[in-house]
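Trainee: Got a minute to go through this one with me? I'd like to hear the reasoning behind the labels, not just the labels.

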Amino acid sequence: MSAFAIEHRAALSGKIPLISTSVTLQALPEGHVLHVLSANAGDDLSGKIRAAFGAETLAVRFVSPGQWFVVGDEPISAAAHAKIVQKLKPHADVIDQSQGRVRIAIAGAKAASVLAKGTAVDLALNAFPVGHATTTLIGHIATHITRISEDRFELMVLRGFAESLWDELAELSAEYS
């Protein structure tokens with residue numbers, strides 16, 4: 001054990017939500033981000049994951065075949081993490097990435113337009129429906145995008161790039177402020 005206490009600081013703690021009539025940009029709570037990796041890439045474990053976590057308070061995000069992120073606003077204790085790992089064995093492994101990933105919400109009538117300036121993903125509702133998720137680049141930053149509702153998206157990025165992504169999104173949103 002370290003002689004020094006580790007102080008957790010939110011990656012975007014200094015960022016004030018940007019709110020306009022058509023776009024809102026907000027840092028989400030740094031609760032938990034768990035990466036679930038299936039033993040078989042062809043398995044769809046999303047139902048088992050929801051059952052293991054309880055779907056009401058948590059969200060399961062598709063990453064790629066055999067991989068999902070499970071996100072939430074509250075931290076998960078080591079004991080709770082161990083129980084989840086036990087429930088998903090032998091189907092999958094669970095890796096806690098809560099300290100390494102940051103979530104940002106962008107919402108509003110122009111949210112998709114703002115994101116479209118930075119990514120090649122077609123964010124039209126019929127091409128990228130509610131619940132759909134993908135990993136892409138916004139500018140030069142790898143970002144996992146999930147459509148939460150018709151005009152709300154969750155962006156997840158590696159912690160070291162969170163402030164750069166925030167600044168990029170603020171600049172892309174400027175015409176709507």
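**Labels and their reasons**

Mentor: Sure, and keep in mind that it's a predicted model. Start with the helix pair: helix 1 (residues 46-53) and helix 2 (residues 78-88) pack with their axes 10 Å apart, at an angle of about 145°. The crossing of helix 1 over helix 2 is right-handed.

Trainee: What makes the contact between helix 1 and helix 2, residue by residue?

Mentor: Contact means heavy atoms within 4.5 Å. Helix 1 brings Lys 48, Ile 49, Ala 52 and Phe 53, while helix 2 brings Ile 84, Lys 87 and Leu 88.

Trainee: How do those contact residues of helix 1 and helix 2 divide into nonpolar, polar and charged?

Mentor: You get 5 nonpolar, no polar and 2 charged. Lys counts as charged, whereas Ala, Leu, Ile and Phe count as nonpolar.

Trainee: Zooming out, what pattern does the protein follow along the sequence?

Mentor: Reading along, it's β-β-β-α-β-β-α-β-β-α-β-β-β-α, with 4 helices and 10 strands.

Trainee: And why is the protein called as compact as a globular protein of that length?

Mentor: Set the value against the rule: for 177 residues the globule rule gives 16 Å, and the radius of gyration is 17 Å, which is close, so the label holds. The C-alpha trace spans about 50 × 45 × 30 Å along its principal axes.

Trainee: How much of the protein is made up of buried residues?

Mentor: Buried means under 20% relative accessible area, and such residues make up 41% of the 177. The protein exposes about 9500 Å², with carbon and sulfur atoms supplying 55% of that.

Technical notes: Residues numbered from 1 in each chain as written. Predicted model: local features only at pLDDT ≥ 70, side-chain atom pairs only at ≥ 80, totals over all residues. Heavy atoms only, no water. Axes fitted to C-alpha atoms, helices over the stretch in contact; angles between N-to-C directions. Helix = DSSP H or I, 4+ residues; strand = E, 2+ residues; numbered from the N terminus. Left-handed = near helix turned anticlockwise from the far one by under 90°. Rg over C-alpha atoms; globule rule 2.2 N^0.38 Å. Buried < 20%, exposed > 50% of the residue type's maximum accessible area, 1.4 Å probe, protein only. Areas by Shrake-Rupley, 256 points an atom, 1.4 Å probe, with all protein chains shown as cover.
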